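Reader: I should be grateful for a close look at a single part of this model, with its pieces described in relation to one another. Please state the criteria behind each term as it arises.

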Amino acid sequence: MTLAIETQALRKEYRGRAVVQSLDLEVAQGEVFGFLGPNGAGKSTTVKMLLGLVKPTSGNLKVLGGSVEDARVRRFVGFLPEQFRFHTWMKGSEFLTFHGRLAGLDAREVAERVPAALDLVGLSGRGNDELKGYSKGMLQRVGLAQAIIHNPKLVFLDEPTSALDPIGRVEVRNIIHSLKDSGVTVFLNSHLLSEVEQTCDRVAFVNGGKILQAGKIDDLLGPPKFLDVRVDKLSPELLMKLRKLGTVNASGGGRFRLQLGAADVPDVASTIVASGARLFELTPHRPDLEDLFVRLVQQGGDK
Ligand SMILES: Nc1ncnc2c1ncn2[C@@H]1O[C@H](COP(=O)(O)OP(=O)(O)OP(=O)(O)O)[C@@H](O)[C@H]1O
């Protein structure tokens, strides 16, 4: 596995107080990784160290297989900060040209990339407008365009959807998916856990500067605990078969909730269909990231 980010025992102290402690992190190239934690958990400090903006007190870190101090490595890193101070007097395309040149693109590359980036974030046709006339959502999107103007291999996005309406969120989610499709690694800080659940391959929960848990979302959440099902008729024969798969609570009209035992969702569906019943609904329920987040932070936050 080629790693885009690798840290060992990374630590940052401010005035003797550790705000990031012994952080071991591995993010594979091409994955969308969610870095989650409550306010003050040490997320921004970690990102700043990974960007070379803050010097670690101790520990090791590698970005794209090299040192973040190396300009040749930073050339392939993009960043959208949470509270971007936009140059509001600039037009959208001037702003992107400015950042493209800062990132090392030459005039020809910038001329090519600016319209493509505006298009990708749904702002084509608005490049000649000054940023001071942009809505919050448009600013967020032009900020995202700035983070990817130079075709980075690794992008850090800090709360990229917080200022956006539901349509804007879907658009950003699609942009993240298309970045992933083109092999870009995305490191996402977000408090919007439903967004994270839909976007990320893996997540790490951090609090008190330490990782509480990390892994694939499916593995962390585990299998569904119960299913809500609707069939045309819950016959005594079907009921008997379902009881071998879990505990059935019927609520009439062919509806029932099945607390799953060892069986999984396909077992239940095939049992129903094989019995000759018609299956209208089958909804698996499991704890979501928010449940896990609250549980982990409450259990492990003060350690
Ligand atoms: N430059 C600094 N000097 C002193 N303390 C700092 C500095 N930067 C951050 N801290 C402290 O480090 C801790 C972690 O802050 P950090 O901003 O990394 O958290 P965060 O997880 O990003 O929080 P949020 O979700 O609120 O942005 C906080 O207690 C913060 O006050």
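Author: Two strands are said to pair if DSSP finds at least two bridges between them; strands (E, at least two residues) and helices (H or I, at least four) are DSSP runs, numbered from the N terminus. The model is a predicted one, in which local features need pLDDT of at least 70 and side-chain atom pairs count only at pLDDT 80 or more, while totals for chains, interfaces and linings use all residues. Residue numbers start from 1 along each chain as its sequence is written.

The part chosen here is an open sheet of six strands, which has mixed pairing and the order 5-6-7-3-8-9. Strand 5 and strand 9 (210-216) occupy the edges; each has a single partner strand, so one side of each lacks a neighbour in the sheet. On average, neighbouring strands of this sheet are turned by 15° against each other, direction ignored. Such angles run from 0 to 180 degrees between N-to-C directions, with axes fitted as lines to C-alpha atoms, for helices over the stretch in contact.

At one of these edges, strand 8 (residues 202-207) pairs with strand 9 in the antiparallel sense over six bridges. There, asparagine 207 stands opposite lysine 210 of strand 9. Helix 6 packs on the sheet and touches strand 3 (32-36), strand 6 and strand 7 (185-189), its direction making about 145° with that of strand 7. Contact requires C-beta atoms, placed from the backbone, to lie within 7 Å.

Strand 5 and strand 6 (154-158) also help to cover the buried residues of helix 5, as do helix 3, helix 4 (107-120) and helix 6 (166-181). A residue is buried if 20 or more other C-beta atoms lie within 10 Å of its own, exposed if 12 or fewer, and partly exposed in between. By this criterion, ten of the 13 residues of helix 5 are buried, among them Met138, Leu144 and Ile148. Helix 5 (residues 136-148) reaches 19 Å from its first C-alpha to its last, close to the expected 18 Å, the expected span being 1.5 Å times one less than the number of residues.

Beyond strand 5 (77-80), the loop leading to helix 3 (92-102) contains glutamate 82. Glutamate 82 is partly exposed because 16 other C-beta atoms lie within 10 Å. Its neighbours within four places in sequence aside, glutamate 82 is in contact with Asp158 and Glu159.

Methods: Contact = placed C-beta atoms within 7 Å.
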